[in-house]
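Here are some notes from going through this one, in the order I'd raise them over coffee. Have the structure open beside you as you read.

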Amino acid sequence: MLEVAVLLERIDATKTEKINENSPSNFNLNVSLSEKTRSAEALVLNFQLDLTTPQSTAKITLAGNATLKGTKDEIQGGITAPDDNRPPQVLITIYERLYGTVYLIASAMKVPPPLPNLLKKAP
Amino acid sequence: MVGETGVSMYSGVIRFYTLADLRRYLKELLERYQKEFDRSSNVIGSLLRVEGQKGMEVIMSKGWAKVGSIFVNISEPEKGSMEVVFQLVTEMKPRLAKTEEVLKTFESVEQLPIPEEATFLLYLRGGVPERLVVDTTEPRPVPYALRGKFTLGP
């Protein structure tokens, strides 16, 4: 079974304008994943997640690395998206594991927290 | 089940995608063997220091009986444990030395004219790195990268 360990190494958060906490959440997520090291049974990925509101009035950046351990096929399955529009499982797992942190930061900044589920690739 | 010591000395084949990964693995393997060797020999050493005047009798148990095709010790668990740890330490020494030698001379492997896309199969025999296959039939996977924008939902 594929095991994923997520290690958060950096958090940046900025807010340039006052945002109504009760307004609907409208964060977009920009993702960068890149291979750091790979062996036959493990793959380490560097990740950076940028959560931004449309006018960049608030931005939360999380960076770190994720280690996938499993067979070659399990690892391949974890990094392969089911189709062109949907995220690969590893990205869903990274976002899920970090969501608690994202929620706390957004709450502390008094901005509507980003929504908890990754849906699809934006055009 | 709890692995006490020496359980990492297995036989098997491991694939590596780069020589740097292989070198790192050998270094970690050597460190692990050294740690296990130190720990086990400390146990034996401290016992011999305390009861050394009795010689090897302290370690050698007479409580072994052959049951089926395995030796079982019910009557002297402490001595029995010491004896097997002593045996393990004796076996560890040459494995440790051989692994150390492989790592010391690994530079000569790195200087071979190896195709860039090759991968490497390491054969470990009883924990000792014994053979290395430079495999050009299974190429290294293309480095993974993903960039994109995703929408979020409830």
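1. Surface of chain A. Bear in mind throughout that this is a predicted model. Chain A has an accessible surface of about 6600 Å², and carbon and sulfur atoms hold 50% of that. Of its 123 residues, 42% are buried.

2. Fold of chain A. You'll find five strands and two helices here. Going along the sequence, the order is β-β-β-β-α-α-β. Among the contacts in chain A with a separation of 6 or more, 64% are between residues 24 or more positions apart.

3. Tyrosines on helix 2 of chain A. Three aromatic pairs turn up over all chains. One of them is A:Tyr99 with A:Tyr103, a tilted pair with 6.1 Å centre to centre and 55 degrees between the planes. Where do these two sit relative to each other? They are four residues apart in helix 2 (residues 89-109) of chain A, so about one helical turn separates them. Their surroundings are worth a look too: A:Tyr99 is buried at 17% relative accessibility, while A:Tyr103 is partly exposed at 40%. A:Tyr95 joins these two tyrosines, A:Tyr99 and A:Tyr103, in one aromatic cluster.

4. How chain B meets chain A. The contact involves 31 residues of chain A and 19 residues of chain B. Interface size is often quoted as the accessible area lost when the parts come together. Here the two chains bury about 2400 Å² between them, with 58% of it on carbon and sulfur atoms. On the chain B side, the residues that lose the most area to chain A are B:Tyr144, B:Phe150 and B:Leu152, which together make up 37% of what that side buries.

5. Polar side of the same interface. I'd note seven residue pairs in polar contact between chain B and chain A, both residues at pLDDT 80 or more. Which elements of chain B give two or more residues to the side that touches chain A? They are strand 1 (12-16) and strand 6 (145-153). Strand 6 of chain B gives the most, with nine residues.

6. The salt bridge across the chains. Between chain B and chain A the count is one salt bridge. Its partners are A:Lys72 and B:Glu138, whose side chains meet at 2.6 Å, N to O. The pair runs from helix 1 (residues 72-79) of chain A, where A:Lys72 sits, to the loop between strand 5 (128-135) and strand 6 of chain B, where B:Glu138 sits. Are these partners buried or partly exposed? A:Lys72 is partly exposed at 44% relative accessibility, and B:Glu138 is partly exposed as well, at 23%. The buried class ends at 20%, so B:Glu138, at 23%, falls outside it.

7. Other salt bridges. Over all chains the structure has 11 salt bridges. Within chain B, B:Arg23 and B:Glu110 form one, with the closest N and O atoms 2.9 Å apart. B:Arg23 lies in helix 1 (residues 19-51) and B:Glu110 in helix 3 (residues 106-110) of chain B, so this salt bridge ties together parts that are 87 residues apart in sequence. Both ends are partly exposed: B:Glu110 has 31% relative accessibility and B:Arg23 has 29%. Another one joins B:Arg125 and B:Glu130, with 3.7 Å between the closest N and O atoms, and B:Glu130 is partly exposed at 34%. There is also a network: salt bridges that share partners link B:Arg15, B:Asp135, B:Glu138 and A:Lys72.

8. Around B:Leu122. This leucine belongs to strand 4 (residues 119-125) of chain B and is buried, with a relative accessible area of 4%. What does B:Leu122 touch, leaving out residues up to four places away in sequence? The list includes B:Gly12, B:Val13, B:Ile14, B:Phe16, B:Leu22, B:Tyr25 and B:Leu26, as well as B:Pro129, B:Arg131 and B:Leu132. B:Gly12 is 110 residues from B:Leu122 along the chain, yet their C-alpha atoms are separated by 8.2 Å. Two of the neighbours touched by B:Leu122 are B:Phe16 and B:Tyr25, and both of these aromatic residues are buried.

Methods. Residues numbered from 1 in each chain as written. Chains lettered and ligands numbered in written order. Predicted model: local features only at pLDDT ≥ 70, side-chain atom pairs only at ≥ 80, totals over all residues. Heavy atoms only, no water. Buried < 20%, exposed > 50% of the residue type's maximum accessible area, 1.4 Å probe, protein only. Contact = heavy atoms within 4.5 Å. Areas by Shrake-Rupley, 256 points an atom, 1.4 Å probe, with all protein chains shown as cover. Phe/Tyr/Trp six-rings, centres within 6.5 Å; stacked < 30°, edge-to-face > 60°. Buried area = accessible area lost by both parts, 1.4 Å probe. Salt bridge = Lys/Arg side-chain N within 4 Å of Asp/Glu carboxyl O. Polar contact = N/O pair within 3.5 Å; in protein donor to acceptor, adjacent residues only side chain to side chain.
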